[in-house]
Amino acid sequence: MNKHVRLLRAIAFAAEKHKDQRRKDVKASPYINHLIAVATVLAEEGKVTDEELLLAAILHDAVEDTETSFAEIEEHFGKTVAGIVREVTDDKTLKSEVRKRLQVEHAPHASSRAKQLKIADKICNVRDIIHNPPSGWSLERKQEYLLWTRRVVAGCRGVNELLDKAFDETIDAAPKQLGVTI
Ligand code: NDP
Ligand code: ZN
(Lines give C-alpha, C1' and ligand atoms only; values in the text may rest on other atoms or scores of the structure.)
(Ligands and ions follow the chains in the order given, each with its own letter.)
Protein backbone atom coordinates (compact mmCIF):
# COMPACT_ATOMS: atom_id res chain seq x y z
CA MET A 1 0.00 0.00 0.00
CA ASN A 2 1.52 3.39 -0.90
CA LYS A 3 1.91 6.13 1.69
CA HIS A 4 -0.83 8.33 0.25
CA VAL A 5 -3.34 5.49 0.59
CA ARG A 6 -2.31 4.90 4.23
CA LEU A 7 -2.71 8.59 5.07
CA LEU A 8 -6.09 8.82 3.35
CA ARG A 9 -7.24 5.68 5.18
CA ALA A 10 -6.16 7.20 8.50
CA ILE A 11 -8.17 10.35 7.74
CA ALA A 12 -11.23 8.27 6.84
CA PHE A 13 -10.77 6.12 9.97
CA ALA A 14 -10.48 9.19 12.23
CA ALA A 15 -13.42 10.96 10.55
CA GLU A 16 -15.61 7.92 11.24
CA LYS A 17 -14.41 7.49 14.84
CA HIS A 18 -14.84 11.18 15.72
CA LYS A 19 -18.03 11.70 13.69
CA ASP A 20 -20.20 12.48 16.72
CA GLN A 21 -17.57 14.61 18.49
CA ARG A 22 -17.24 18.37 18.18
CA ARG A 23 -14.61 20.86 19.31
CA LYS A 24 -15.48 23.12 22.24
CA ASP A 25 -15.73 26.37 20.24
CA VAL A 26 -18.99 28.28 19.84
CA LYS A 27 -19.58 26.87 16.36
CA ALA A 28 -18.88 23.32 17.62
CA SER A 29 -16.50 22.65 14.73
CA PRO A 30 -16.19 19.05 13.48
CA TYR A 31 -13.44 17.32 15.46
CA ILE A 32 -11.69 16.01 12.33
CA ASN A 33 -10.67 19.62 11.48
CA HIS A 34 -8.35 19.61 14.53
CA LEU A 35 -6.72 16.32 13.51
CA ILE A 36 -6.08 17.56 9.98
CA ALA A 37 -4.75 20.86 11.39
CA VAL A 38 -2.23 19.07 13.65
CA ALA A 39 -0.93 16.88 10.79
CA THR A 40 -0.75 19.97 8.56
CA VAL A 41 1.31 21.92 11.12
CA LEU A 42 3.78 19.02 11.25
CA ALA A 43 4.03 18.69 7.46
CA GLU A 44 3.89 22.36 6.46
CA GLU A 45 5.46 24.28 9.33
CA GLY A 46 7.65 21.48 10.77
CA LYS A 47 8.61 20.10 7.31
CA VAL A 48 7.94 16.61 8.67
CA THR A 49 7.89 13.87 6.01
CA ASP A 50 7.91 10.93 8.46
CA GLU A 51 4.79 9.00 7.40
CA GLU A 52 4.30 7.22 10.72
CA LEU A 53 4.30 10.54 12.55
CA LEU A 54 1.77 12.10 10.18
CA LEU A 55 -0.50 9.06 10.59
CA ALA A 56 -0.17 9.28 14.38
CA ALA A 57 -1.12 12.98 14.20
CA ILE A 58 -4.37 12.11 12.43
CA LEU A 59 -5.07 9.37 14.99
CA HIS A 60 -3.74 11.11 18.13
CA ASP A 61 -7.06 11.67 19.92
CA ALA A 62 -8.86 8.50 18.74
CA VAL A 63 -8.18 6.39 21.84
CA GLU A 64 -8.49 9.30 24.29
CA ASP A 65 -11.79 10.58 22.94
CA THR A 66 -13.55 7.68 21.17
CA GLU A 67 -14.15 3.95 21.62
CA THR A 68 -10.99 3.10 19.65
CA SER A 69 -8.38 0.74 21.17
CA PHE A 70 -4.61 0.73 20.67
CA ALA A 71 -4.98 -2.81 19.26
CA GLU A 72 -7.31 -1.50 16.56
CA ILE A 73 -4.83 1.23 15.58
CA GLU A 74 -2.03 -1.33 15.50
CA GLU A 75 -4.09 -3.69 13.36
CA HIS A 76 -4.86 -1.01 10.75
CA PHE A 77 -1.75 1.18 10.88
CA GLY A 78 1.00 -0.86 12.56
CA LYS A 79 2.94 -1.03 15.83
CA THR A 80 4.95 2.17 15.35
CA VAL A 81 1.90 4.39 14.79
CA ALA A 82 0.05 2.75 17.70
CA GLY A 83 3.11 3.36 19.90
CA ILE A 84 3.23 7.08 19.11
CA VAL A 85 -0.52 7.43 19.75
CA ARG A 86 -0.06 5.61 23.08
CA GLU A 87 2.62 8.12 24.10
CA VAL A 88 0.34 11.12 23.56
CA THR A 89 -2.81 9.57 25.06
CA ASP A 90 -3.88 10.76 28.52
CA ASP A 91 -5.34 8.33 31.04
CA LYS A 92 -8.90 9.61 31.24
CA THR A 93 -9.56 7.77 34.50
CA LEU A 94 -7.33 10.35 36.21
CA LYS A 95 -8.55 13.76 37.29
CA SER A 96 -7.94 16.60 34.86
CA GLU A 97 -5.45 18.35 37.18
CA VAL A 98 -3.42 15.15 37.49
CA ARG A 99 -3.47 14.57 33.72
CA LYS A 100 -2.22 18.09 33.17
CA ARG A 101 0.61 17.65 35.69
CA LEU A 102 1.60 14.29 34.17
CA GLN A 103 1.83 15.82 30.69
CA VAL A 104 4.40 18.31 32.00
CA GLU A 105 6.34 15.59 33.84
CA HIS A 106 6.29 13.03 31.00
CA ALA A 107 7.11 15.38 28.09
CA PRO A 108 10.94 15.35 28.50
CA HIS A 109 10.96 11.53 28.45
CA ALA A 110 8.80 11.15 25.33
CA SER A 111 10.21 9.90 22.01
CA SER A 112 11.28 12.45 19.39
CA ARG A 113 8.17 11.70 17.37
CA ALA A 114 5.82 12.13 20.34
CA LYS A 115 7.54 15.41 21.27
CA GLN A 116 6.91 16.83 17.79
CA LEU A 117 3.30 15.67 17.86
CA LYS A 118 2.78 17.24 21.26
CA ILE A 119 4.15 20.60 20.07
CA ALA A 120 1.96 20.55 16.94
CA ASP A 121 -1.10 19.71 19.07
CA LYS A 122 -0.34 22.58 21.45
CA ILE A 123 0.25 25.00 18.54
CA CYS A 124 -3.21 24.15 17.18
CA ASN A 125 -4.89 24.40 20.57
CA VAL A 126 -3.26 27.76 21.35
CA ARG A 127 -4.40 29.05 17.94
CA ASP A 128 -7.89 27.78 18.76
CA ILE A 129 -7.79 29.53 22.14
CA ILE A 130 -7.03 32.75 20.23
CA HIS A 131 -9.34 32.40 17.23
CA ASN A 132 -12.01 29.78 18.16
CA PRO A 133 -11.96 29.55 21.95
CA PRO A 134 -14.05 27.12 23.96
CA SER A 135 -17.35 28.81 24.75
CA GLY A 136 -17.60 30.20 28.24
CA TRP A 137 -13.89 30.32 29.01
CA SER A 138 -12.84 33.41 30.97
CA LEU A 139 -9.69 35.31 30.07
CA GLU A 140 -8.12 33.88 33.20
CA ARG A 141 -8.84 30.32 32.10
CA LYS A 142 -7.39 30.99 28.64
CA GLN A 143 -4.33 32.53 30.29
CA GLU A 144 -3.87 29.45 32.52
CA TYR A 145 -4.17 27.19 29.51
CA LEU A 146 -1.48 29.12 27.61
CA LEU A 147 0.88 28.94 30.59
CA TRP A 148 0.32 25.20 30.86
CA THR A 149 1.07 24.59 27.15
CA ARG A 150 4.33 26.49 27.59
CA ARG A 151 5.35 24.12 30.39
CA VAL A 152 4.53 21.02 28.33
CA VAL A 153 6.35 22.36 25.27
CA ALA A 154 9.41 23.23 27.38
CA GLY A 155 9.92 19.48 27.76
CA CYS A 156 9.52 18.79 24.04
CA ARG A 157 12.05 21.24 22.60
CA GLY A 158 15.24 20.53 20.70
CA VAL A 159 13.97 17.92 18.23
CA ASN A 160 12.51 20.10 15.47
CA GLU A 161 13.66 23.70 15.48
CA LEU A 162 10.94 24.77 13.02
CA LEU A 163 8.20 23.53 15.35
CA ASP A 164 9.86 25.12 18.39
CA LYS A 165 9.86 28.42 16.49
CA ALA A 166 6.26 28.04 15.29
CA PHE A 167 5.14 27.46 18.88
CA ASP A 168 7.12 30.48 20.13
CA GLU A 169 5.63 32.75 17.47
CA THR A 170 2.12 31.49 18.27
CA ILE A 171 2.42 31.85 22.04
CA ASP A 172 4.28 35.19 21.84
CA ALA A 173 1.46 36.67 19.74
CA ALA A 174 -1.26 35.39 22.08
CA PRO A 175 -1.19 38.00 24.87
CA LYS A 176 -1.72 40.90 22.48
CA GLN A 177 -4.43 39.04 20.57
CA LEU A 178 -6.26 38.15 23.78
CA GLY A 179 -5.49 41.34 25.67
CA VAL A 180 -3.78 39.52 28.56
CA THR A 181 -0.25 39.09 29.91
CA ILE A 182 1.36 35.69 30.30
P1 NDP B 1 -9.10 21.48 29.13
O2 NDP B 1 -8.53 22.62 29.86
O3 NDP B 1 -8.34 20.23 29.08
O4 NDP B 1 -9.55 21.93 27.62
C5 NDP B 1 -8.66 22.17 26.68
C6 NDP B 1 -8.55 20.99 25.73
O7 NDP B 1 -9.76 20.84 25.00
C8 NDP B 1 -7.48 21.23 24.72
O9 NDP B 1 -6.26 20.77 25.22
C10 NDP B 1 -7.97 20.47 23.52
O11 NDP B 1 -7.50 19.14 23.67
C12 NDP B 1 -9.49 20.48 23.66
N13 NDP B 1 -10.24 21.47 22.84
C14 NDP B 1 -11.41 21.23 22.22
N15 NDP B 1 -11.87 22.32 21.62
C16 NDP B 1 -10.98 23.30 21.83
C17 NDP B 1 -10.93 24.66 21.43
N18 NDP B 1 -11.89 25.23 20.69
N19 NDP B 1 -9.87 25.40 21.83
C20 NDP B 1 -8.90 24.83 22.57
N21 NDP B 1 -8.90 23.54 22.99
C22 NDP B 1 -9.94 22.77 22.62
O23 NDP B 1 -10.56 21.30 29.55
P24 NDP B 1 -11.26 20.64 30.73
O25 NDP B 1 -12.66 20.98 30.52
O26 NDP B 1 -10.86 19.23 30.90
O27 NDP B 1 -10.72 21.53 31.95
C28 NDP B 1 -10.09 21.00 33.01
C29 NDP B 1 -9.03 21.94 33.58
O30 NDP B 1 -9.45 23.31 33.59
C31 NDP B 1 -8.79 21.60 35.03
O32 NDP B 1 -7.39 21.65 35.26
C33 NDP B 1 -9.54 22.66 35.82
O34 NDP B 1 -8.98 22.89 37.07
C35 NDP B 1 -9.43 23.83 34.92
N36 NDP B 1 -10.57 24.74 35.07
C37 NDP B 1 -10.29 26.08 35.17
C38 NDP B 1 -11.30 26.99 35.27
C39 NDP B 1 -10.95 28.42 35.35
O40 NDP B 1 -11.82 29.26 35.21
N41 NDP B 1 -9.70 28.78 35.53
C42 NDP B 1 -12.71 26.58 35.32
C43 NDP B 1 -12.90 25.17 35.18
C44 NDP B 1 -11.84 24.31 35.06
P45 NDP B 1 -7.33 18.06 22.49
O46 NDP B 1 -6.50 18.61 21.42
O47 NDP B 1 -6.71 16.89 23.22
O48 NDP B 1 -8.74 17.79 22.11
ZN1 ZN C 1 -5.39 17.20 19.98
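**Close-up views of a predicted model**

**View 1. A salt bridge within helix α7.** R101 and E105 both lie in helix α7, where they stand 4 residues apart, about one turn of the helix. In this predicted model, R101 forms a salt bridge with E105, and the closest N and O atoms of the pair are 3.1 Å apart. R101 is partly exposed, with a relative accessible area of 43%, and E105, at 40% relative accessibility, likewise counts as partly exposed.

**View 2. The packing of helix α7 against helix α9.** Two packed helices are described by the angle between their axes and the distance between the axes. Helix α7, which covers residues 96-106, packs with helix α9, which covers residues 139-154, at an angle of about 35°, and their axes are 7 Å apart. The crossing in which α7 passes α9 is left-handed. On the α7 side, K100, Q103 and V104 take part in the contact, and they meet W148, R151 and V152 of α9. Sorted by class, this contact of α7 with α9 comprises 3 nonpolar, 1 polar and 2 charged residues.

**View 3. The protein donors of the zinc ion (ligand 2).** The zinc ion (ligand 2) has as its protein donors H34 and H60, each through NE2, together with D61 and D121, each through OD, and these lie 2.2 to 2.5 Å from the ion. Read along the sequence, the donor residues of the zinc ion (ligand 2) follow the spacing H-x25-H-D-x59-D. Because H34 lies in helix α2 (residues 32-45) and D121 in helix α8 (residues 112-131), this pair ties together parts that are 87 residues apart in sequence. H34 has a relative accessibility of 4% and therefore counts as buried, the cut-off being under 20%. D121, at 12% relative accessibility, also counts as buried.

**View 4. Salt bridges elsewhere in the model.** By the rule applied here, the count comes to 12 salt bridges, and the pairs described in this legend are among them. E16 forms a salt bridge with K19, in which the closest N and O atoms are 3.2 Å apart; E16 is partly exposed, with a relative accessible area of 48%, and K19 counts as partly exposed at 45% relative accessibility. K79 forms a salt bridge with E74, in which the closest N and O atoms are 3.3 Å apart. The two partners of that bridge fall into separate accessibility classes, for K79 is exposed, with a relative accessible area of 63%, whereas E74 counts as partly exposed at 34% relative accessibility. R6, E51 and E52 are linked with one another in a network of salt bridges.

**View 5. Two loop residues with positive phi.** Most residues other than glycine have a negative phi. A28, which is not a glycine, has a positive phi near 50°, and its place is in the loop between α1 (3-17) and α2. With a relative accessible area of 30%, A28 is partly exposed. K47, again a residue other than glycine, has a positive phi near 55° and is found in the loop between α2 and α3 (51-59). At 58% relative accessibility K47 counts as exposed, because that class begins over 50%.

Note on methods: Residues are numbered from 1 along each chain as its sequence is written. Chains are lettered from A and ligands numbered from 1 in the order in which they are written. This is a predicted model: local features need pLDDT of at least 70, side-chain atom pairs count only at pLDDT 80 or more; totals for chains, interfaces and linings use all residues. Side-chain values use heavy atoms; hydrogens and water are left out. Axes are lines fitted to C-alpha atoms, for helices over the stretch in contact, and angles run from 0 to 180 degrees between N-to-C directions. A crossing is left-handed if the near helix is turned anticlockwise from the far one by less than a right angle, and right-handed if clockwise. Contact means heavy atoms within 4.5 Å. Ala, Val, Leu, Ile, Met, Phe, Trp, Tyr, Cys and Pro count as nonpolar, Asp, Glu, Lys and Arg as charged, and the others, Gly among them, as polar. Donors are N, O and S atoms within 2.8 Å of the metal (3.2 Å for Na, K and Ca); water is not among the atoms, so sites may look incomplete. Buried means under 20% relative accessible area, exposed over 50%, partly exposed in between (1.4 Å probe, protein chains only). A salt bridge is a side-chain nitrogen of Lys or Arg within 4 Å of a carboxyl oxygen of Asp or Glu.
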